[in-house]
Amino acid sequence: MAEETKREVLGLKPKGDLIREAEERPLQRNPAPALALAPAGLMKGDKCEEPGPDPKPAAAPQQPTEEEEALIEFHRSYRDLFQFFCNNTTIHGAIRLVCSQHNRMKTAFWAVLWLCTFGMMYWQFALLFEEYFSYPVSLNINLNSDKLVFPAVTVCTLNPYRYTQMKGDLEELDRITEQTLSDLYKYNSFNTLGSHPRGRRFCSPLPSVLVYSWFPTPVGFQCNQNKSDCFYQTYSSGVDAVREWYRFHYINILSRLPDSFTSLEEDKLGNFIFSCRFNQVSCSQANYSHFHHPIYGNCYTFNGENNSNLWMSSMPGVNNGLSLTLRTEQNDFIPLLSTVTGARVTVHGQDEPAFMDDGGFNLRPGVETSISMRKETLDRLGGNYGDCTYNGSDVPVKNLYHSKYTQQVCIHSCFQESMVKECGCAYIFYPRPEHVEYCDYKKHDSWGYCYYKLQGAFSSDRLGCFTKCLKPCSVTSYKLSAGYSRWPSVTSQDWVFRMLSLQNNYTIKNKRNGVAKLNVFFKELNYKTNSESPSVTMVTLLSNLGSQWSLWFGSSVLSVVEMAELIFDLMVITFLMLLRRFRSRYWSPGRGGRGAQEVASTPASSLPSSVCPKLPSLASSLPSPDTSPTLTAPPPAYATLGPCPAPSSLAGASSSVFTLEEP
Amino acid sequence: MAPGEKIKAKIKKNLPVRGPQAPTIRELMRWYCLKTNTHGCRRIVVSRGRLRRLLWIAFTLTAVALIFWQCALLVLSFYTVSVSIKIHFQKLDFPAVTICNINPYKYSAVKPLLADLEQETKAALKTLYGFSEIKSRKRREAQPWSSAWEGPQPKFLHLIPLMVFDESETSKATDFLTGQKRKVSGSIIHKAADVMHVQESKEVVGFQLCSNGTSHCAVYTFSSGVNAIQEWYKLHYMNIMAQVPLEKKVNMSYSAEELLVTCFFDGVSCDARNFTLFHHPMYGNCYTFNNKENETHSTSMGGSEYGLQVILYINEEEYNPFLVSSTGAKVIVHRQDEYPFIEDVGTEIETAMATSIGMHLTESFKLGEPYSQCTEDGSDVPIDNIYNAAYSLQICLHSCFQTKMVERCGCAQYSQPLPPAANYCNYQQHPNWMYCYYELHKAFVQEKLGCQSVCREACSFKEWTLTTSLAQWPSVVSEEWLLRVLTWDQGQQIKKKLNKTDLAKLLIFYKDLNQRSIMESPANSVEMLLSNFGGQLGLWMSCSIVCIIEIIEVFFIDSLSIIARQQWQRAKKWWSQRQAPACPEAPPSLRGQDNPVLDIDDDLPTFTSALRLPPAPEAQVPGTPPPRYNTLRLERAFSNQLTDTQVPAES
């Protein structure tokens, strides 16, 4: 009764095997120590087939057979295995292909179909994978409106000043420059267009050998090390040439400043900034920091990194921004170095260094400059999606600035690195690495030559800086636009000037040219975030794969596991059979005859019909006596099997298998 | 009894709804696993070997978990948007351009109102800074400053005294009006920079705002006296102007003919009639070009020749010396239905300069709920729009502040429009308003008013990116004839010879006629989601919606019915056991025979409870076992017929 139900439920139909198994099992004595865990009870007696679609109500609990079930069981033969696979597989085409061998026509037809769908599917898979592995990104633009952190604002005087330590050197330089100017341009005035280019060397008291070559128009200078290999830097305008030359010497002089030399007496905010307000509130000491730039002079960074509490903007507009009144009087500083008057302002992120060269506005004296900002952030996807870096740690350039990674920082660091490598000293405008000193022709007499060479290599990217320095993945930029109005107005200038000068104990001599006003504010608190996101994610890729798979094959990942299981089983069975054959041949010659008989029969029948090999291991010697009673017990039940095969009203595929084994 | 059973059998036979496929949950599961189309389940049952079975259970469960996880990811990312950027090349509508003079009112016209204030300001300047001579070309009639003190008691200084604070002892202040040292009570909001005056830091100037009736005071100090005086002046100025009716203010300000000396648009001359008046509280009369909704101008070409060219007359002599300290005009480019926030986003124009402003139009469209928090027209934002203009975030913030101001302080702030049923603050009626305003503003900046969280951005907006460049204008050689011609042109309006610093030239134009549209569109649709679901279900388990229905049927409906039946049987057993001691004469064997009978033809509780209960007491009638055996056999035959009610029979 119990067996009947089970058969019905399972819908299995290997009968001949069962019977044969039942008969043969007691005969098998081959021990299989390797598979002690796999006892013989593969095809239990309960595997009877109940063909009738009408289920019998007699439902007996299956517990006893469950207990006997081993940890892992293998089929006795390939035939078993294939039959089992054919009956239970979920791969759609495979059933028709593998399980309908009896009909060549059908098999061929299914093989073609199967191959077609297989090809289609893999073609589609290839397309999907190609799309995924090209790592496409889609751009998202978000408009956020938020309270914004006010960026750092750096204002410079555009007045580099004279350090007392290098006063002597500078005066000497000035004197030579003056002499050169008069000499050069007096001479130049006599020069006619057709004249041959000639050079004249100044026996300057400065250690660097400088040669002025002048042509009808271009004026230049030459940095030279041993006169064998010369570098000519020419300028179309004498002004540029002289300035550049002066700058070169100034750098050298500056590099002699000792390290310990810090700020000087000019470090007074009041001398440059008359008033400072943010968000209608006056600024305080904690709001700014100071540094000196060799060209741009005294620079003050407001709301920089070391601001105690960062300024926030919760409203747009002039009144809610930074407002500065600046003193822009040109002092007697260095006339050949700074040829512009006013101030320079740049807006940058808190954790970025202020690159005064790279961005910024020059403020005109006597004018109120209103700089309105609009924030924009850009988030790129790193990793496979693009070559950007999150924190610069994967860039082979050491960050010399103590700040966040930006591309500009990296490029400057990279240049400095090559400079140190090539020329042996550090360029003064960039931070120097440890244990390296700034370039000075007193110590490194050919650095100028080296520098200009390097500069050329740098700009043509022979140094590889532009390829080494990756873009940062997230960039915050501020779009600036400026409006100008005259300040102070005629009617108000009297009292404004008066008050400013009174307050600062300082008389503004040059009235309007001596002051400038600066407003920096957010134009709007909306900011645009451009971010990238993967347009094909793993989830969508899997969904698409699944769709294609279902469409063409109707199988799933679990079907693949089934296949894997089949292959595993095949391998194990092959191994066991080989083992058994080996044993039967060498160990027990008596039974070997029987084994040989079986072996002989194996090739005779086709692979799935290799009925003969009962897995010897399964009939392990130890369990077999135990199991044999239970196994021998069934025979009476098998009596019911007699009618079973005849009325099998099952699928054609399974019945075909069945019929195949009959002969 | 027998007829009852028969009826029951008949009903069972004819009942369209049968019970579950198997008598126990275990059997049901087995049945399901063998019959289902979902991959994996069949293997659990079919596989031989405990390990194998276990592995298959693990595989199947993993697949189910993966399906759930992946589908959850799909659902979570459903509301994402994709952005498309389109560049159109088309004839572009010119935006509205609003131009204001920085100085709101002609000083000569407004002076009678401000005379007292001016006097006191000058007096304050003199006392504070010893500064007495203001050489103004216009105001020669200015009184000697000493007389300012002889005049009537200064009311402005009295209301809000300007004070000099000592750097060292910030709690001490000198009211310079009386010269007395007074103790400043209340919280000192010390905004003075200790830094600013490192040289020989001394006093800072500020003023004190107190709320009448309470002792709460706030002291505002400024690092620079210029700022202090300007703030102080502005406070009083707003007080005074708040009492002036609008028509009078419009008249005091500049007329369109006065401000706009020449006008040229798209190669065609235009004049003051093309401009509409817009009165701004802080900037006076502003004029908007191209503000008429129905007749918007458009440019046929890009470039400065085809834009708007105006020459503005900025009469510097009419400037209010204390209110504004810079000279020029402000211009703002905006949509026709947008409110021009001159003070926030205007671009300044300098006199004696030609300012070229190149525009580039970007349109943005966002998707609203549920993709983002933006609002289409502001109707779903709980803030009344007090501006007569289309919703924007700015408008919302300002409206919110103004509403709160009316709520807390009882009056409206001067620089923003009036909400209904409110009037502008002035200290005749609201003596405390300034203190209240400052406190409120502080709370607003610190986001304590909740405006920032309530206001949402608008879903679509147009944005003009401006690029400004400057040139000296007029050039030295053209200056003479140009000024002369312009003076002759403006003969009626301006009674003086124009100077080049009185004029400013402005050019506004489209750099090109490319328009950039940034549009969001849903990245996912329901079909996409479903097909992705299908993909996931198919990929892992070859499952479909039918499978899901099957699962629901088997796991919920059938399993529940089985459980319910078992519970019912148990309850019945328990009941019969409880009944048993009540009738001890019944032999236990009888009961043992009885029970299976009762169990066998048990069905859904709803179904049986109606039928079962009446026979139950009957069954307990002892002493008549033989007929019961008959029914038992009958029952057995009966149960064989019913395919759907399989109960473990006694083997």
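# Reading a two-chain model

Chain B has 21 helices and 20 strands. Chain A has 19 helices and 21 strands. The model is predicted.

Q: How many residues does each chain have, and what share of them counts as buried?

A: A residue is buried if its relative accessible area is under 20%. Chain A has 663 residues, and 55% of them count as buried. Chain B has 651 residues, and 53% of them count as buried.

Q: What does the accessible surface of each chain come to?

A: Look at the total, then at the atoms that supply it. Chain A exposes about 29,200 Å². Carbon and sulfur atoms supply 58% of that area. For chain B the surface comes to about 29,700 Å². There, 58% belongs to carbon and sulfur atoms.

Q: What share of the contacts in each chain joins residues at least 24 apart?

A: Begin with contacts between residues at least 6 apart in sequence. In chain A, 75% of these join residues at least 24 apart. In chain B, contacts with a separation of 6 or more are counted, and residues 24 or more positions apart account for 74% of them.

Q: How do I read the size of an interface, and what area do chain A and chain B bury between them?

A: Interface size is often given as the accessible area lost when the parts come together. Here chain A and chain B bury about 9,700 Å² between them. Carbon and sulfur atoms carry 54% of it. In chain A, the residues that lose the most area to chain B are A:Arg486, A:Trp495 and A:Leu558. Together they make up 8% of what that side buries.

Q: How many residues does the contact take from each chain?

A: It takes 108 residues from chain A and 111 residues from chain B.

Q: How many salt bridges are there between chain A and chain B?

A: The count is 7. A salt bridge needs a side-chain nitrogen of Lys or Arg within 4 Å of a carboxyl oxygen of Asp or Glu. Take B:Arg52 and A:Glu565: their closest N and O atoms are 3.1 Å apart. That pair forms a salt bridge.

Q: How many aromatic pairs does the structure hold?

A: There are 46 over all chains. To name the type of a pair, check the angle between the ring planes; over 60 degrees counts as edge-to-face. In one pair, the rings of A:Phe415 and A:Tyr451 have planes at 90° and centres 6.0 Å apart, so the pair is edge-to-face.

Q: Which parts of the chain does this pair link?

A: It links distant parts. A:Phe415 is in helix H10 (residues 407-423) of chain A, and A:Tyr451 is in helix H11 (residues 447-459). The two residues are 36 residues apart.

Q: Are A:Phe415 and A:Tyr451 buried or exposed?

A: A:Phe415 has 2% relative accessibility, so it counts as buried. A:Tyr451 has 9%, so it counts as buried too.

Q: Which residues do ring pairs link into a cluster with A:Phe415?

A: The cluster also holds A:Tyr427, A:Phe429, A:Tyr430, A:Tyr451, A:Phe458 and A:Phe466.

Q: Where does A:Lys375 lie, and where does A:Arg364 lie?

A: Each lies over the face of a ring; find the ring, then the distance to its centre. A:Lys375 lies over A:Tyr527, at 4.7 Å from the ring centre. A:Arg364 lies over A:Tyr484, at 5.9 Å from the ring centre.

Q: Is the peptide bond from A:Trp487 to A:Pro488 cis or trans?

A: Read omega. That bond is cis, with omega near -10°. A:Pro488 lies in the loop between strand S19 (474-486) and helix H13 (490-503) of chain A. In chain B, the bond from B:Trp473 to B:Pro474 is cis, with omega near -10°. B:Pro474 lies in the loop between strand S19 (460-472) and helix H15 (476-489) of chain B.

Q: Is the phi of A:Asn303 positive or negative?

A: A:Asn303 has a positive phi of about 60°, although it is not a glycine. It lies in the loop between strand S11 (297-302) and strand S12 (312-313) of chain A. A:Asn303 is buried, with a relative accessible area of 0%. A:Asp461 also has a positive phi of about 60° and is not a glycine. A:Asp461 sits in the loop between H11 and helix H12 (465-468) of chain A. At 27% relative accessible area, A:Asp461 is partly exposed.

Notes:
Residues numbered from 1 in each chain as written. Chains lettered and ligands numbered in written order. Predicted model: local features only at pLDDT ≥ 70, side-chain atom pairs only at ≥ 80, totals over all residues. Heavy atoms only, no water. Phe/Tyr/Trp six-rings, centres within 6.5 Å; stacked < 30°, edge-to-face > 60°. Helix = DSSP H or I, 4+ residues; strand = E, 2+ residues; numbered from the N terminus. Buried < 20%, exposed > 50% of the residue type's maximum accessible area, 1.4 Å probe, protein only. Lys NZ or Arg CZ within 6 Å of the ring centre and 35° of its normal. Contact = heavy atoms within 4.5 Å. Areas by Shrake-Rupley, 256 points an atom, 1.4 Å probe, with all protein chains shown as cover. Buried area = accessible area lost by both parts, 1.4 Å probe.
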